[in-house]
Amino acid sequence: MTDSATTTTGFGYGKVILLGEHAVVYGQPAIAAGMQVGVRAHASAGAGSVRAPAWQLDLQVGDDSPVSTAVDRLCQQLGVAERSLDFWLEAEVPARAGLGSSAAMAVAIARAVAARTGAGEDDILAAAAAAESVFHKTPSGIDAAVASRGGVGRFDRAAGWQAIPVSRPIEICVGLSGQTRQTSDLVSAVAHLCQRTPVARRLIDALGELARAGMEALASGDIEALGHEFNMAHGVLSGLGVSTPELDALVRAARAAGALGAKLTGAGGGGAVIALAPGRTEEVLRRWRSLGCYGFLTVVGT
Ligand code: PMV
């Protein structure tokens, strides 16, 4: 236990899903990587305020907003009174862009609370999962796992997170479409498609296969193979209806700039794309800027 005057902090990693999004909901494996940027939470004795200036967020626990409900559940899970603390969040990832902002926030807050109560890793993950279920209804758990662990890893619902050794660090270009969306809406749309059109389930299995192939490519350092897998996964995700004209344009621009592969990352419907473009990263970012979209570089597997 910390004395109540102390401010405690916690960090949660923002993430990119390299391969296997949506398929992971159906028990297939996925590969995700923590970015250098994320969310840092500062907790101090207070009255239940939650502030994140970068997200224009300023609320009070109990106001019925999703963030308030999530913080409430998280505090309950960790056994602290939800209105006994104030949270100040430094958010370095955009919200609702497929970069794991809600899980990074949940993990950061859970760690800041755990630093006061002595709660352990399992409690932190359970609290983050409770918060995530407010935003994403029935999340696979991949976002909370990578937000808490960072690095590169394989996630599936049965085995959870397993770190993947990466032969050398990999530069990834991340491009933002500027369109926000709700993960749970996209997950529901894919579920409906699978019910109506059974062949969609085979596309889900194909995404799992691509994730397995991606693990081999990462282990052997075969970046070209990983690029092909990105391209194939984008095609399959488009087939499942989760891409948008804006995401397709970002993917095309990255390939035209010389990327080995590019795909949407996360749930789709907006949000972000990732591109693998050794030696061509500046050109990829420049082409995205010419489309009016912000992009940045992250290094995974450091
Ligand atoms: O919230 P996002 O955009 O990072 O998507 C999470 C990945 C999904 O597979 C689409 C959903 C899930 O719960 O795994």
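These questions and answers concern the ligand and its surroundings in a predicted model.

Reader: What makes the pair between Lys15 and the ligand a polar contact?

Author: A polar contact is a pair of N or O atoms within 3.5 Å. A polar side-chain atom of Lys15 lies 2.5 Å from an oxygen atom of the ligand, so the pair meets the cut-off of 3.5 Å.

Reader: Which atoms of Ser140 and Ala267 lie at what distance from an oxygen atom of the ligand?

Author: For Ser140, a side-chain N or O atom is 2.5 Å away from a ligand oxygen. For Ala267, a backbone N or O atom is 2.8 Å from a ligand oxygen. The protein buries 96% of the 380 Å² that the ligand exposes when taken alone.

Reader: Which elements give two or more residues to the shell around the ligand?

Author: They are strand S1 (8–19), helix H4 (142–149) and helix H5 (183–196). The shell residues divide into seven nonpolar, six polar and four charged.

Reader: Why is the ligand said to lie between domain 1 and domain 2?

Author: Domain 1 (8–163) and domain 2 (170–300) both give residues to the shell, so the ligand lies between them.

Terms used. Residues are numbered from 1 along each chain as its sequence is written. This is a predicted model: local features need pLDDT of at least 70, side-chain atom pairs count only at pLDDT 80 or more; totals for chains, interfaces and linings use all residues. Side-chain values use heavy atoms; hydrogens and water are left out. A polar contact is a pair of N or O atoms within 3.5 Å; within protein, one must be able to donate a hydrogen and the other to accept it, and residues adjacent in sequence count only if both atoms are side-chain atoms. Accessible areas come from the Shrake-Rupley method with a 1.4 Å probe; for residues, only the protein chains shown count as cover. Helices (H or I, at least four residues) and strands (E, at least two) are DSSP runs, numbered from the N terminus. Ala, Val, Leu, Ile, Met, Phe, Trp, Tyr, Cys and Pro count as nonpolar, Asp, Glu, Lys and Arg as charged, and the others, Gly among them, as polar. Domain bounds come from an automatic or database domain assignment.
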